[in-house]
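User: Could you take a close look at the charged pairs in this one, and then at whatever packs around them? Keep it chatty, but give me the cut-offs as you go.

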Amino acid sequence: MNRLLHLDTGIHVPNSVSRQLSAAIVDWFKITNKAIDITYRDLATNPLPALTGTVLASINSTDISTLSPKRQTEVHESNKALDEFMAADIVVIGMTFYNFSLPSALKTWLDRVIVSDKAFANDANGIGRLRGKRVIIAISRADMFSNGSSFTPREHAMRYLRDIFSVIGINDLDVIIGEGRNLGA
């Protein structure tokens, strides 16, 4: 059985192009693989709180009883997000590109799953441990940022995502782009 983690980050919930794209991708997996197990997390409507030093230091800890109830909840949510990610064979991310970057909710999620000694080795080589995991990013952009556009140099999100996923051993992202939405039909 394949496990799929579906993340949505589009803040325009009812009209989000990235949500429509990611849903279509997940639907395709449902049709082509009846035995797929899907976990869904909406990072726009239920974002993780910003990562704190206390929570980061406690993620790998077995005893968090000395933390405040709020911090204990954050550690549990971090561990849950990490467990979902680690268990997934396929990760589908619906992402809206705005302010020349990725949504802050996605960055916060990444902060919780790109964890040393879990997703990559914490040594001089920093070897990624998640080779073989498939990541598909469905990105929507209001303007044109594809190669050759005057905005191409300002497309920072995909460069960042390629870099951060390569740290954990995922070097080939599948990317589906819907762009030019604000340019009319």
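Analyst: The structure holds eight salt bridges, counting a salt bridge wherever a side-chain nitrogen of Lys or Arg comes within 4 Å of a carboxyl oxygen of Asp or Glu. Before we dig in: this is a predicted model, where local features need pLDDT of at least 70 and side-chain atom pairs count only at pLDDT 80 or more, while totals for chains, interfaces and linings use all residues. Residues are numbered from 1 along each chain as its sequence is written, and side-chain values use heavy atoms, with hydrogens and water left out.

Let's begin with arginine 41 and glutamate 84, whose closest N and O atoms are 2.8 Å apart. This pair ties together distant parts of the chain, with arginine 41 in strand β2 and glutamate 84 in helix α3, 43 residues apart. (Helices are DSSP runs of H or I of at least four residues, strands are runs of E of at least two, and both are numbered from the N terminus.) Arginine 41 is buried at 8% relative accessibility, and glutamate 84 is buried too, at 16%. Here buried means under 20% relative accessible area, exposed means over 50%, and partly exposed is in between, using a 1.4 Å probe and protein chains only.

Helix α3 also has a local pair: arginine 71 and glutamate 74 form a salt bridge at 3.0 Å between the closest N and O atoms. They sit three residues apart in α3, so about one helical turn separates them. Glutamate 74 is buried at 6%, whereas arginine 71 is partly exposed at 23%.

Over in helix α4, aspartate 111 bridges to lysine 107 with the closest N and O atoms 2.5 Å apart. Those two are four residues apart, about one turn of the helix. Aspartate 111 is partly exposed at 26%, and lysine 107 is partly exposed at 32%. The helix around them (residues 104–113) is mostly covered, with seven of its ten residues buried. Trp109 and Leu110 are among those buried residues, which as a group pack against β1, β2, α2, α3, β3 and α5.

There's a network as well: Asp8, Arg19 and Asp42 are linked by salt bridges. Asp8 also turns up among the contacts of serine 18, along with Gly94, Thr96 and Ser140, leaving aside neighbours within four places in sequence; contact means heavy atoms within 4.5 Å. Serine 18 lies in helix α1 and is buried at 0%. Its side chain makes a polar contact of 3.1 Å with that of threonine 96. That term covers N or O atoms within 3.5 Å; within protein, one must be able to donate a hydrogen and the other to accept it, and residues adjacent in sequence count only if both atoms are side-chain atoms.

Threonine 96 brings us to strand β3, where it is one of the buried residues on a face shared with Ile90, Val92 and Gly94. Eight of the eight residues of β3 (residues 90–97) are buried, so this strand is largely enclosed by the rest of the structure. It pairs in the parallel sense with β1 over five bridges, and eight bridges join it to β4, again running parallel; pairing requires at least two DSSP bridges between two strands. If you want landmarks, valine 92 partners histidine 6, and phenylalanine 97 partners arginine 141.
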